[in-house]
Amino acid sequence: MLHIKCPWCGWRDESEFGYGGEAHIERPKDPDSVSDAEWADYLFFGSNRRGDFRERWVHSAGCRRWFNAVRDTTTYEFKAFYRMGEEPPGGEQ
Amino acid sequence: MSQTKRLQSGGRIDRSKPLTFTFNGQSLQGYEGDTLASALLANGISLVSRSFKLHRPRGIMGAGAECPNSLVQVGRGAGTIPNLRATQTELYQGLEANSVNCWPSVKFDVNAVTGLFSPLLPAGFYYKTFKWPKSWWDKVYEPRIRKAAGFGKAPTEPDPDRYDKKNRHCDVLIVGAGPAGLAAALEAGRRGARVILCDEQNEFGGSLLANRQYLDGKPGIEWAKTAVAELESLEEVTLLARTTAFGHYHHGFVSLLERVTDHMGLTSPDGRPRQRQWRVRANQVVLATGAIERPLVFCNNDRPGIMPASAVSTYINRYGVRPGQRAVVFTNNDSAYQTALDLNDHGIDVAAIVDVRPESDSVLVDRARKEEIPIYGGYAVVDTRGGQHVSGVKVMRLNGRGDGVYGEIHHLDCDLVASSGGWNPVIHLHSHPGGTMRYDESIASFVPDQAVGNTYNAGACNGNFALGGCITEGLSAGATAAAGVGFGSEDIEGEAPATGKQQESPLRPMWRVPSRKAIPRAPKQFIDVQNDQTSADVYLAVREGYRSIEHIKRYTAMGFGTDQGKLGNINGAGIAAEALGEDIAKVGTTTFRPAYTPVTMGAFAGRELGPERFHAVRKTPMHKWHVDHGALFENVGDWKRPWYYPKPGESMREALDRESYQTRHAVGVLDASTLGKIDVRGPDAAEFLNRVYTSGWKTMEVGKARYGIMLSEDGMIMDDGVSARIAEDHYHMTTTTGGAARVLGHLEEYLQTEWPELQVYLTSTTDQWAAISLAGPHARDVVAKVVSGVDLSGGAFPFMTWRDCEAAGVPARLFRISFSGELGFEINVQANYGQYVWDAVWEAGQEYGITPYGTETMHILRAEKGFIIAGQDTDGSVNPMDFGMHGLLSKKKDYIGRRSLSRPDAMREDREQFVGLVTLEDPKEIIPEGAQLVEEPNANEAPKPVPLHGYVTSSYYSSTLGHSIALAMVKRGRERMDDVLYSPQADGRVIQCRITSPVFYDPKGERQNV
Amino acid sequence: MSEAIRQESPLVERITSGRKAASPSDAGITLRERPFLGCVNLRGNPDDPDFTDAVKGVLGLALPSGPNTVADSGDITAFWLAPTEWFVRTGANAERDLIAGLEEALAGQHIATNDVTGNFTTVELSGPHARDVLEKGCTLDLHPRAFAPGQCAQTLLGHAGILIRPLADGQAFEIVVRRSFADYMFIWLEDATVEYGGMAVSD
């Protein structure tokens, strides 16, 4: 049972949250301009990173806000929580 | 004679409170404070079970969680519990226990003959022997193995007890209330931190309960009592005895199992839960879990009467039990000398201390010498003898390397062997969340290295076995933990009690005591006595090529049992290292995983049981009316929806025929309150709907409503519903009953993460509105009697519009929509008025023959019209083109999922398409939902696999049409009208059916537009 | 609306005069429903003074700006739900006037008001074991050090989403629950109190 810090509501149990997969994958602004392969890559392929991983969570049972987190996928340790639209800590991945 | 092995005095039992219990049918007596194991030993019973594979006689071995042998079945009937450790089962009046894994009795076990064939049952035996023929596995091998090997019996009746859960946060959780844990709790508790201190034992004190060490010049247990009294006085300290921390997870989450009433009887009294699972979220975790003594591994070391030395001391000191008459103490370290002294002081003859170390020099050794206990320095016990109990040992001199024995064999008679191979820190909880360990040569075991999170190890679990050191480490861990949550500094504030100085000489690591014969010809040297796993098995595994300790464990089944190898695993690692010719530090141990000791399923289920609490049950404002009118209910999501309303004596089919006839010919009323409702408002509301629905919404005028479908980004249908325009910037959206939360989550996700620039607010209003749906030729007549403030004529209030009005005097929204194909209206009122308005509708409808109908009739009516139900006819793998919904796909704008509709897979010509089916031979036969469709008429005889052409998604009997109807997905279905397909059934029947349009009734939609 | 028009609480089947009379005197917790209170869900931009000032003018109190806090004037209670969302509660039958007042004062702004009077009901739990009972199904830290009057939270109780706030230090709590979950929650609470002598129901 992870302990997750909603950027608004603070620390809550994992049971209050929904998981949203990898963060910072932007929906193509003009889907018609991307190839089938690029669209499939956007839809289906994540980086499946070992170590620090930027991911999305939603505080479903609380304020219903989506936010981002950086979590080490080998230890489950959360390194950061930040709001949608905020710059991820640690620069480019 | 009762309790013949009870010492005259001493122990922490209450001799004024005798308790009667039975073991294998024999009535016996013990005392309050006994465990079942100590009471059995007090009665001279040590043989309690048979081993798992070889059915060798096994006795009480340990005195706590580590005991691999003392499994018993407690009680009978619904409350019976299999595989309890007698060493951790507190005695209560009337306790009834029986041996497991033996038939007909523990003393005469038919399966013990397997022991004679044990050369045929080596490690990996199951994998090798029972492979062929494959078909024999589930019919022959498995049932026989299970019959021979079964541990205990599960109850067949429902558990009569209550179980519960509790969530609790704390600043500092301390696991283990021995000297280190008590010291940590005092240090943190005195500072005002919120502390939970838990211990698996019935009393706090840990090792102090069972040894004779002194603190501040008094017996250690006195210090413990004072500490507990002080902790009890601290308001923010929670003390949990009989509570095992069984799992340590991430971020300070620790699961505890509190045995609330297990010690009171078979079932719990007064509505109290029998057990409670504590789900603790601790800011800081102090582990003071102690150490477990590991036995020495020598030939025939599994006979009843052979025990770890500390267990012997525990039975003497804590329980006042004489575990034997004449003992041999076999050791590689100093601590067992205390056991020799404990035996000697209580008049139990110590035949010898056999010490693998040629020389040793310490306070304890000196005292043993002074007591004139014979000491065999540099010797080893190489074998034992005995039948159902040990009766003697063979002792020989060890060579200098410790890998061989020589010289004269000394035969020593004894009925008790107390062995000690050193101590293993209990690092389980440290390891659960990923804490690392390292090998410590000074104790020849693994100790915590890097802890995860705010976790601290203190005392014996940290490799510090000296009492004074344990207390100091406990104080320090308590201070550090308290400081970590802002209570004081990391400096110790409390004072440690004075301990006597004890000089110790180092142990001599010995994983496997050499025998006169080499492996595998030597008599069995048991590592894991529960699973009959021996040093020869480990050598075999290595010889067969296994290198990793994890593989060796799985090949040999070492540590598989209910004890999880608490006694044997480190010895096993040491012997594996020896067989591999590697350093044990490199071989390491297997992974420690929860649960530390077994946890009942009830504790995980808690009170989330049965139809009322297993999941949430949502009810509509008119629920009681439906109950009162005979409705049967079906679960839709968490909702209870009326399924159908049978009249007395009516079959389901008759009820459905009546409900649909009345609705098609008069008027039916349906409770539609469960549909999801989302209020969408803001300057960009129309743009937002344009992006989330496939069709266009900007041009729809205020006062109108429209059906829409939503796709996932992969182009598959996700949900559907009708949305109405309330104002220029304001829509009322509806979703399917089961999809409401998912849709709102989906919309919020896009709004917050992809399109934050859109000015739109979404608010769930599902529960705000009671929705009363009327359908049928007389629907308008009924509505007219109830509703005021709206012109109901077809011209003024056409299909797919809505109006504000009053219904029975209550402010309402009236929608003209239909899911049945009939003239339809839906009245929405604030939910607290729902029953009131429903009553008014019911009253008004009487003269028109109004009938309530449930979800089943609703399904039939909509299927006759070919309307889909998202989640029934869709499954997340079908797109709108599959349903022929091309007209709902706007070409003028982007929307979620649109790009995916031009992916090659979406454009495939052989996709399954939505069609209708009618049966041919018997027009009234209903094809089962989910049935597969093939072209091959004789599918059952045809070569397999028979190519599949589709499957049935919905299927009903339509009384309106007089025949059955089905909806199905069929490959290229729309171009195969009138083709015949076959549906082979599990019972051998084949149902012949013909493809039709999915719209069976009123294809022009004239009825709903009147 | 006419006097004859009847509202019904979602707990109408549970909270009956018979049930009240049969309530154990030594109950570990006492449940009291406050049905039919006017409830409004309000959306708007808290960083826009035009919004906050206008709302203050209508409510007579400032919306709570801190996450998970409550502003209470006696007549009106406003709970923070999300950065742009509040749950505003007023007296019975006052919700329509309140919404009309808000809509008028906020005309032209990007806001939303929704009558959610029927969407929820409010119950109060009190008694020596109120926290013990809630801890059985709520993962929130309910200790007074962590959750004091003036705070609120949206969380789960069993399988039901709730809005909860402490009324007195650890002894009493107010719970707002969606109407359709109210019956489930009542049954859940009643079962949870068995070991504490049952649940009393009061006016």
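## Order of elements in chain A

From the N terminus on, chain A of this predicted model follows the order β-β-β-α-β-β-β. The secondary structure of this chain therefore amounts to 1 helix and 6 strands. Along the principal axes, the C-alpha atoms of chain A occupy a box of roughly 40 × 30 × 25 Å.

Chain A has 93 residues, and 49% of them count as buried. Among its contacts with a separation of 6 or more, 48% are made by residues 24 or more positions apart. The exposed area of chain A is about 4,800 Å², and carbon and sulfur atoms supply 46% of that area. The chain carries 13 positive and 17 negative side chains, with the centres of these two sets 7 Å apart.

## Overall character of chain B

Chain B contains 24 helices and 50 strands. Its C-alpha atoms fill a box of roughly 115 × 70 × 55 Å along the principal axes. Of its 1010 residues, 60% are buried.

In chain B, residues 24 or more positions apart provide 66% of the contacts with a separation of 6 or more. The chain exposes about 38,200 Å², of which carbon and sulfur atoms supply 51%. There are 109 positive and 119 negative side chains in chain B, and the centres of the two sets lie 4 Å apart.

## Helix 5 of chain B: a buried side and an exposed face

Helix 5 of chain B comprises the 14 residues 220-233. At 1.5 Å a residue, this helix should span 20 Å, and the distance of 21 Å between its end C-alpha atoms agrees with that expectation. The buried residues of helix 5 of chain B are B:Gly220, B:Ile221, B:Trp223, B:Ala224, B:Ala227, B:Val228 and B:Leu231. These residues cover an arc of only 150° around the axis, so they lie on the same side of the helix. The general rule behind such a pattern is that an α-helix has 3.6 residues a turn, so residues three or four places apart point the same way.

The buried residues of helix 5 of chain B are covered by several elements of that chain, including helix 4 (179-190), strand 9 (195-198), strand 12 (237-240) and helix 10 (467-484). The face turned away from the buried side carries the exposed residues B:Thr226, B:Glu232 and B:Ser233.

## Helix 23 of chain B: an enclosed helix

Helix 23 of chain B (residues 855-864) offers a second case: 10 of its 10 residues are buried, so the helix is largely enclosed by the rest of the structure. The buried residues include B:Glu856, B:His859, B:Arg862 and B:Glu864, as well as B:Met858, B:Ile860 and B:Leu861.

The partners against which these buried residues pack include strand 31 (632-636), strand 32 (639-644), helix 18 (652-665) and strand 33 (668-671) of chain B. Strand 47 and strand 48 of chain B also belong to this packing. After helix 23 of chain B comes B:Gly866, which has a positive phi near 75°.

## The surroundings of B:Phe815

B:Phe815 is part of strand 42 (residues 810-816) of chain B. Its relative accessibility is 4%, and because buried means under 20%, B:Phe815 counts as buried. Leaving aside residues up to four places away in sequence, B:Phe815 touches B:Ala724, B:His732, B:Phe797, B:Thr801, B:Trp802, B:Gly824, B:Phe825, B:Glu826 and B:Asn828.

B:Thr89 is separated from B:Phe815 by 726 residues in sequence, and the two C-alpha atoms are 66 Å apart in space.

## Exceptions in the backbone of chain B

Most residues other than glycine have a negative phi, and most peptide bonds are trans. Two cis peptide bonds may be set against this background. One joins B:Pro594 and B:Ala595, with omega about 5°; B:Ala595 is in the loop between helix 14 (584-587) and helix 15 (601-605) of chain B. Another joins B:Lys944 and B:Pro945, with omega about -5°, and B:Pro945 is in the loop between strand 46 (932-934) and strand 47 (948-958) of chain B.

Positive phi values occur at B:Met800, near 65°, and at B:Asp978, about 75°; neither residue is a glycine. B:Met800 lies in the loop between strand 40 (787-788) and strand 41 (801-807) of chain B and is buried, with a relative accessible area of 17%. B:Asp978 lies in the loop between strand 48 (963-971) and strand 49 (980-984) of chain B.

Definitions and conventions: Residues are numbered from 1 along each chain as its sequence is written. Chains are lettered from A and ligands numbered from 1 in the order in which they are written. This is a predicted model: local features need pLDDT of at least 70, side-chain atom pairs count only at pLDDT 80 or more; totals for chains, interfaces and linings use all residues. Side-chain values use heavy atoms; hydrogens and water are left out. Helices (H or I, at least four residues) and strands (E, at least two) are DSSP runs, numbered from the N terminus. Buried means under 20% relative accessible area, exposed over 50%, partly exposed in between (1.4 Å probe, protein chains only). Contact means heavy atoms within 4.5 Å. Accessible areas come from the Shrake-Rupley method with a 1.4 Å probe; for residues, only the protein chains shown count as cover. Lys and Arg count as positive and Asp and Glu as negative; His and the chain ends are not counted. The place of a charge is taken as NZ of Lys, CZ of Arg, CG of Asp or CD of Glu. The expected span of a helix is 1.5 Å times one less than its number of residues. The arc is that of the directions from the helix axis to the C-beta atoms.
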